[in-house]
Amino acid sequence: MSEPNPYADGEYKWGPGQQGGAPGAPGYGYPQPPQYAAAFGAVPVLTLGDISVVGDQILTPAGPMPLKGAVWNAMDMSRVEEVIPTVAIVLAVVFALFCLLGLLFLLMKEKRTTGYVQVTVSSGGRHHSTFVPATTPDTFFWVMGQLNYARTLSA
C-alpha cells in the first residue's frame, strides 16, 4: 500500500466528503441531518417514525409532500405473547426436587408485546410508509391518536 494512487490526476479525491458538493456536506453513506432542520429551520409539529409534519409540508426520506389533502393510514402488526419467564422454570426445577409444589412456579406468566405499527401517508402523487415499534399494548392507540391529529392538519 506504499504505492501512490494511480488515478489521482487532480479531479478525483479519495475519502468521504471530498466528492464535490457543498463544503462541509457529509459524504455518501454518512447519516444525513434531518430534512426539516436544513430546509425550514423549524421544529416539526408531528413526527411518526421518519415522517415529520413541518408547516404545510410532510417531510419523508422520499421527499416533501403537501400536507393539504394527505391520506393517512395505520395497520397494527403487533402481538402480545404470554411466556413463562426463565426464573419460573429455574425455581420449578429447584423446588420440584424438594416437593411437588415447585411445579406451581410454572403458572407464572409474563406478557411481552412485539411487532410494529405500519404508518403510511400519500399526498401529491407520492407514497411513504414507516414502521413504529410496538413496545406496549397501547402503542397502536397512541399512533392512532397522532394519526388523527395529522388527519385534522391535512383537512
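How many bridges join strand S6 to strand S7, and in which direction do the two strands run relative to each other? Eight bridges join S6, residues 110–123, to S7, residues 126–133, and the pair runs antiparallel. This is a predicted model. One partnership within the pair is that of Gln118, whose bridge partner in S7 is Phe131. The two strands form a hairpin with two residues between them. In the turn, Gly124 has a positive phi of about 60°.

The protein as a whole contains three helices and seven strands. Read from the N terminus, the order of elements is α-β-β-β-β-β-α-β-β-α. Some totals for the protein follow.

| Property of the protein | Value |
|---|---|
| Residues that count as buried, of 155 residues | 23% |
| Contacts joining residues at least 24 apart, among those between residues at least 6 apart in sequence | 55% |
| Exposed area | about 10,700 Å² |
| Share of the exposed area supplied by carbon and sulfur atoms | 63% |

On the surface there is a nonpolar patch of about 530 Å². Ile84, Ile89, Val93, Leu100, Leu103 and Leu106 make this patch. Leu100 lies in the loop between helix H2, residues 86–98, and S6.

Is Leu100 buried or exposed? Its relative accessible area is 68%, so Leu100 counts as exposed, the cut-off for that class being over 50%. Leu100 is thus a loop residue that contributes to the nonpolar patch.

Methods
Residues numbered from 1 in each chain as written. Predicted model: local features only at pLDDT ≥ 70, side-chain atom pairs only at ≥ 80, totals over all residues. Heavy atoms only, no water. Pairing = 2+ DSSP bridges. Helix = DSSP H or I, 4+ residues; strand = E, 2+ residues; numbered from the N terminus. Patch = residues over 30% accessible without salt bridge, like charges linked within 9 Å, V, L, I, M, F, W, Y side chains within 5 Å. Areas by Shrake-Rupley, 256 points an atom, 1.4 Å probe, with all protein chains shown as cover. Salt bridge = Lys/Arg side-chain N within 4 Å of Asp/Glu carboxyl O. Buried < 20%, exposed > 50% of the residue type's maximum accessible area, 1.4 Å probe, protein only. Contact = heavy atoms within 4.5 Å.
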